[in-house]
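Trainee: Could you take me closely through one part of this predicted model? I would like to see how its rings and strands are arranged.

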Amino acid sequence: MLKTSLTALALALALTACKPAPQQATVVTADKAVAAASASAVQQAPWWDDAVFYQIWPRSFYDTSGDGHGDFNGMTAKLPYLQELGIDAIWLTPMFEAPSYHGYDFTEFYQVESDYGSMAEFEAFIQAADAKGMKVILDLVINHISREHEWFSKSAEGVAPYKDYFVWRKDLPAKGEGWGHAWDTNDNPEAVWHYDERRGEYYYAAFGATQPDLNLEHPDVVAEMKKMAKFWLDKGVAGFRLDAVRFVMESGPDGQADLPETIDYWRDFNAYVKSINPEAYLVGEAWVDIPVAAKYWGNGEGLDQGFDFEVGYKIIGQLQQDAGNSAQFGTISGTQSGELHPLQENLQRRLDSSAPLAFFTPFLTNHDQERVPFQLTGDRATVLQKSKLAAAMLFSSPGTKYIYYGEEIGLTQAQSGHDVYKRAPMLWSTDSQGGFTQAPLSWVEQKELFTIAFDNWWPDFLQQQLAQGGNTVAEQQSQPDSLWRLYQFLIAQKKQRPELTLAGSYQVTEPAAGLLQIDRELNGSKTRFVLNLSAEQQAISNLLSNELTASWAFDLQDNQLSAYGLLVLQSN
């Protein structure tokens, strides 16, 4: 039993639990295999180990110009918000000039997206973030660029030296040869080979006709990618999230992904980036099972980190058995041995891979995936409770964390289908447009941005979200037991508790049906997460200990953990 009445404790925690203690020094190691390394080695751990990143879709974060588009000044204005949440670093999705709303098809390597502001405003944002101790990484797309880029026009016209800057062939491959999307088993050459009338040939574009793949075996193209990286590093960015890292080389229908030449490319790119800034950071999007993703570590010479796509599927699968968030631009097998709990097996797969544990970055969802609450069933209150459990499972797992903007308030989406639903404006307050913009129309209502027509879904969705109550930042910041407060608490604990670093042990058990217990420990310092995954309250007296004190216990009363409730116990 706890030393104090749990009912009284819960009341006290309502006032204190969610206020992070002053930040303490964090013990960081690369992985369990080197947990016993010397203190000097620990001190040399890179800055991104055990960091918390926040992914921003700039167009949807905060608009200060009144045009309905989020902008650089808006991100600067919200830096105190991110600081209060506890964020260490920011990932900006593409912010270079591009013809699309999403920006994954650059037309300029050295200009910012004009919808977001000027270069001076971008530089001011970088400087302001640095002043608050936050690093910024940019989304860098090296695999492909826009069909509207001048390089492609010159290549299509056969102008030297651009003629071979892309991958061309004279004839469309025949069906049966195996050409198709690199992340699928289809046999559809038209999906990746596209005809250009100017040249009279077909060009390779893994992600669609508007985004032709670059020929990254051409020395001029390789050099330009390095030049681009240096340009932005010199602006003060801390590194890059690298898009579609699996697909930069293609050697044929059986060689469209994960080639040895692709790993070599990233080794070379990383070596160059580190020559510019030894502390620059590269994290890759390899949407694939852990053993394949681990290849991009390149025996310590490749990428610094790669996203663990598997863990999000495992976490949401604990809360929603029929969750089916497909691998839109990747291949996740979803295999489960059954010998270990899915979360324990996820960690074991990381440990058993060819990369160290520090390589993998756990996250729930990103801009290409359905938002967490949209995947969960139940009324809004139940969905928010389940979202808390998802956050707890994420932060109990070792590794650098990524949070997709709005995840900390349970931001959901109107429907599935177009990607815009996953990327809608942030809800800051109950003011007009959710406090996102003063404009009468937010960007999601500006139909000229989209290549397909669809109904204006935003006003009804926004009204529904605001009418429910409790769905905005302002509302959740005023509630001690809100999802936002839990994220703030979990981030603070990650910084303060040595057992929540990479070096801490990790053990998942199921004490009873519907109950999940996750224990982290390092050198006698302990944290225990108790999660009720069921719709019924559960007795948890046997999970309590005189050695552990409740630090989050809003869902606990008289030793009963409420439906979809969370309890966090920690040693003193």
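**Rings first, then one sheet**

Mentor: The count comes to 58 aromatic pairs, where rings of Phe, Tyr and Trp (its six-membered ring) pair if their centres lie within 6.5 Å; planes under 30 degrees apart are stacked, over 60 edge-to-face, and the rest tilted. Take Trp183 and Phe247: their centres are 5.6 Å apart, their planes meet at 55 degrees, and the pair is tilted. Trp183 sits in the loop between β4 (168-169) and β5 (193-196), and Phe247 in the loop between β7 (239-242) and α9 (260-276), so this pair ties together parts 64 residues apart in sequence. Helices (H or I, at least four residues) and strands (E, at least two) are DSSP runs, numbered from the N terminus. Both Trp183 and Phe247 are buried; that means under 20% relative accessible area, while exposed is over 50% and partly exposed lies in between (1.4 Å probe, protein chains only). Now Trp552 and Phe554: their ring centres are 4.5 Å apart with planes at 75 degrees, so this pair is edge-to-face. Trp552 and Phe554 are buried too.

Some ground rules. The model is predicted, so to speak with limits: local features need pLDDT of at least 70, side-chain atom pairs count only at pLDDT 80 or more, and totals for chains, interfaces and linings use all residues. Residues are numbered from 1 along each chain as its sequence is written, and side-chain values use heavy atoms, with hydrogens and water left out.

Rings also gather. One aromatic cluster includes Phe72, Tyr110, Trp151 and Trp232. Charges can sit over rings as well: NZ of Lys or CZ of Arg must be within 6 Å of the ring centre and within 35 degrees of the ring normal. Lys135 does this over Trp47, 5.2 Å from the ring centre. Lys401 does this over Phe395, at 5.9 Å.

Next, strand β19. It spans residues 566-571, and six of its six residues are buried. In a regular strand the side chains alternate between the two faces of the sheet. Here Leu566, Val568 and Gln570 point one way, and Leu567, Leu569 and Ser571 point the other.

Which strands join β19? Strand β14 (residues 525-532) does so through five bridges, antiparallel, with Arg528 opposite Leu569. Strand β16 (residues 548-552) does so through four bridges, also antiparallel, with Thr549 opposite Gln570. Two strands pair if DSSP finds at least two bridges between them. Strand β13 (residues 515-522) joins β14 by eight bridges, again antiparallel. There, Leu516 stands opposite Leu531.

Put the strands in order. The open sheet has five: β12-β13-β14-β19-β16, with antiparallel pairing. Its edges are β12 (505-509) and β16, each pairing on one side only. Neighbouring strands are turned by 20 degrees against each other on average, direction ignored. Axes are lines fitted to C-alpha atoms, for helices over the stretch in contact, and angles run from 0 to 180 degrees between N-to-C directions.

Two helices lie across this sheet's strands. Helix α12 (residues 342-352) lies across β12 and β13, at about 150 degrees to β12. Helix α14 (residues 380-396) lies across β12, β13, β14 and β19, at about 150 degrees to β14. Contact means heavy atoms within 4.5 Å.

Last, Thr501. It lies in the loop between α17 (483-496) and β12. Thr501 is buried, with a relative accessible area of 0%. Its side chain reaches the backbone oxygen of Pro498 at 2.6 Å.

Notes: Polar contact = N/O pair within 3.5 Å; in protein donor to acceptor, adjacent residues only side chain to side chain.
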